[in-house]
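Visitor: I'm new to this one, so could we go through it together, a piece at a time? I'll ask short questions and jump around a bit.

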Amino acid sequence: MAVFEKYLKKKDFSSYEDFMDTFKIDVPVHFNFGYDVVDVYAEKQPEKVAITWTDGHSVKYDVTYNDLKEKSDKIASFLQGIGIEKGDRVLLILRRRIEWWYTMVALHKLGAVAIPANHQLSDKDIAYRCIAAGVKAIICCDTTYVMENVQKANYFANEVHHLIYVNDGNSPKVEDEEWIDFWKAVNEAPEFKPMKRVNMSSDNMLIYFTSGTTSHPKMVVHDYAYPLAHILTARFWQCLNEESRLLTVTDSSWVMAVWGMLYGQLLVGATVVVYDYEGKFDAANLLHVIEDCRVTSFFSPPTVYRFMLNEDLTKYDLSSLTYCVVAGELAHRHVYDDWKKYTGIEMKECYGQTEVGLVTGFFPWVESRTGSIGKASPLYSMDLLNENMEVCGVDEVGQVAIRIDRGRPLGVFKEYFKDKDAMERNNHDGYYFTGDLARKDKNGYYWFVSRADDVIKSSGYRISPSEVETALMLHPAVLECAVTGVPDEVRGQLIKATIVLKSLFQNEAGPKLAKEIQEFCKMQTSPYKYPRVVEFVQELPRTTTGKIRRAAIRRQDVILGTKRQGTR
């Protein structure tokens, strides 16, 4: 029996309606992912493969559940020996190195709090996180850039007790006494004595810093029960079982990592395939990994699918693939259609956040609708609310709001750490307000519109950037685009399209092509929604997690003024 079944009131459902009515996860008073999932599998199926790790070239190996237990035990012993205790906060800058999985489980076994962070952070970014969260130790990969920034950050913060680097065996030994060699110390640690009931399910377990595009990043706290919310993610959206091999393309610093590379997958007994590439992302190599590792299920943002579709897919054996899901940003129709054309697989979308689990998705009984984010999940009671706090009608756009008047449901974040104002802004009147806009059609399907602060108000119209982007992406010259509003004295805002052209069209960037794209857009959507401003760029600004930063484009327009190509 897969471990997840222990926590479900009912495991088989006859229909979506039955699923919504009877799905329930039992949360024990003392749940710990390390002891109650990893160690249970290690006892019952010690040689079952939990993780297949590859660099996409010469290195590939399997990690069994017994390996994961033994390594996490040793790391827990080492951390315990340097004073890491229940509630202590530890920053992890580990890319997709296997140590991230071992250390996450080890921290759980100690009742400590893990804070995944991106390897591209500057010294000031790291210092901010250390000060804001009260970080006691940093465990990082051994690249020069990361280690130098960690050391500088510690000078600024002057609060971190331990700096620990993971030597991959190819790096020279660090002589600085301030640094601890991770594996040397782990291998010298004594036998670990499991700490049963070290935590309550309601204790702090995980902190994610949000992107912080408009202000300092907020600290999103999840409790020890949070992994159980991803039973829904893995079993009923990704449709995994004990034979599945899921590859998720993400960095360990993004919440997508625990959505697709840890909690739900191990709860259902699936194998996590990890592709840890160095340098620039290579879609051709990713396709080779899917082929070589016999991946059955695939999860990534839409951008990764677009890059793969630019390759010659006929060169790769993708026959092992049976299920593909997508999340992180809106996927445009042609990506769905082209992927199905080449693989025969319909991509399944969902909606969730760093703050919450799976809010909507395509479950086994829900028929596909290209472009929709699916139907409501049974985890949450939610409404779409208009500006007057009224529940929206059919096809009326409103903010996604999750009911918390009967307590915070499983998977909803516990708090914004040390940020009472943010909690009060987003949690009131019995709801958690997500800041995202959506609409629901007459058949119960939800359609993402935009972030609330991304909506463009032009000549009295409220215009969704994603709708215009969807129209633009149908043009054969457009590789990627972002739609934003720029100030205008007459209309309030003009619609602007910032466009990355496909390589075959890059020499054509200019007013003529801008005009052609504008006219094309008018034919794909309502004419008032076409972009009156078009700018061609080489790349779009993104967060460290890969999302397009519309806010950065708006900010740059204010600072430098807008370069207008095309006509009004």
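Visitor: Arg333 first: how exposed is Arg333?
Guide: Keeping in mind that this is a predicted model, Arg333 is partly exposed, with a relative accessible area of 46%. Its side chain takes part in a salt bridge with Asp337, where the closest N and O atoms are 3.4 Å apart.

Visitor: And where do Asp337 and Arg333 sit relative to each other?
Guide: Both belong to helix H13, which covers residues 333–343, and because they are 4 residues apart in that helix, about one helical turn separates them. Asp337 also counts as partly exposed, at 36% relative accessibility.

Visitor: How many salt bridges does the structure hold?
Guide: There are 30 salt bridges in the structure. One of them pairs Lys136 with Asp88, with 3.0 Å between the closest N and O atoms. Lys136 lies in strand E5 (residues 135–141), while Asp88 is in the loop between helix H3 (65–81) and strand E3 (89–93), so this pair ties together parts that are 48 residues apart in sequence.

Visitor: Are Lys136 and Asp88 buried or exposed?
Guide: Lys136 is buried, and Asp88 is buried as well.

Visitor: Which residue does Glu480 meet in a salt bridge?
Guide: The side chain of Glu480 meets that of Arg306, at 3.0 Å from N to O. Glu480 is in strand E25 (residues 478–488) and Arg306 is in helix H12 (residues 302–309), so the bridge ties together parts that are 174 residues apart in sequence. Here too the partners are buried, Glu480 and Arg306 alike.

Visitor: Which residues are linked in a network of salt bridges?
Guide: The network links Asp39, Lys69, Asp73 and Lys109.

Visitor: Now Arg245. What is the nearest side chain of opposite charge to Arg245, and how far away is it?
Guide: That side chain belongs to Asp62, and it is 5.0 Å away; Arg245 is buried yet has no salt bridge. Since a salt bridge needs the side-chain nitrogen within 4 Å of a carboxyl oxygen, the cut-off is what matters in this case.

Visitor: So what does the side chain of Arg245 contact instead?
Guide: The side chain of Arg245 has a polar contact of 3.1 Å with the side chain of Thr52. In addition, a polar atom of the Arg245 side chain lies 2.9 Å from the backbone oxygen of Cys293. As for its place in the chain, Arg245 is in strand E10, which covers residues 245–248.

Visitor: Let's switch to empty space. How many cavities of 30 Å³ or more are there?
Guide: The count comes to 1 cavity of 30 Å³ or more. The largest cavity has a volume of about 40 Å³, and its lining is made up of Arg96, Leu247, Thr248, Val249, Thr250, Met261, Val274 and Tyr275.

Visitor: Which strands supply at least two residues of that lining?
Guide: Strand E10 and strand E11 (271–275) each supply at least two residues of the lining of the largest cavity. By type, the residues of this lining divide into 5 nonpolar, 2 polar and 1 charged.

Visitor: And the second largest pocket, how much space lies in it?
Guide: About 910 Å³ of space lies in the second largest pocket. Its lining has 33 residues, and those nearest the centre of the pocket are Phe448, Val449, Ser464, Ser466 and Glu467. The lining residues divide into 14 nonpolar, 11 polar and 8 charged.

Visitor: Which element gives the most to that lining?
Guide: Helix H15 gives the most to the lining of the second largest pocket, with 4 residues. The elements that each supply at least two residues include helix H15 (465–472), strand E21 (431–440) and strand E22 (446–451).

Visitor: Last one: where does Val455 lie?
Guide: Val455 lies in the loop between strand E22 and strand E23 (456–458). With a relative accessible area of 13%, Val455 is buried. Val455 and Val483 are 28 residues apart in sequence, and their C-alpha atoms are 9.9 Å apart in space.

Conventions:
Residues are numbered from 1 along each chain as its sequence is written. This is a predicted model: local features need pLDDT of at least 70, side-chain atom pairs count only at pLDDT 80 or more; totals for chains, interfaces and linings use all residues. Side-chain values use heavy atoms; hydrogens and water are left out. On a 1 Å grid over the protein atoms alone, a cavity is a set of points where a 1.4 Å probe fits but cannot get out, and a pocket is an open set with protein on both sides within 12 Å along at least five of seven lines; lining residues have an atom within 4 Å of a point. Grid points are joined across faces, edges and corners, and a volume is the space filled by probe spheres set on the points. Ala, Val, Leu, Ile, Met, Phe, Trp, Tyr, Cys and Pro count as nonpolar, Asp, Glu, Lys and Arg as charged, and the others, Gly among them, as polar. Buried means under 20% relative accessible area, exposed over 50%, partly exposed in between (1.4 Å probe, protein chains only). Lys and Arg count as positive and Asp and Glu as negative; His and the chain ends are not counted. A polar contact is a pair of N or O atoms within 3.5 Å; within protein, one must be able to donate a hydrogen and the other to accept it, and residues adjacent in sequence count only if both atoms are side-chain atoms.
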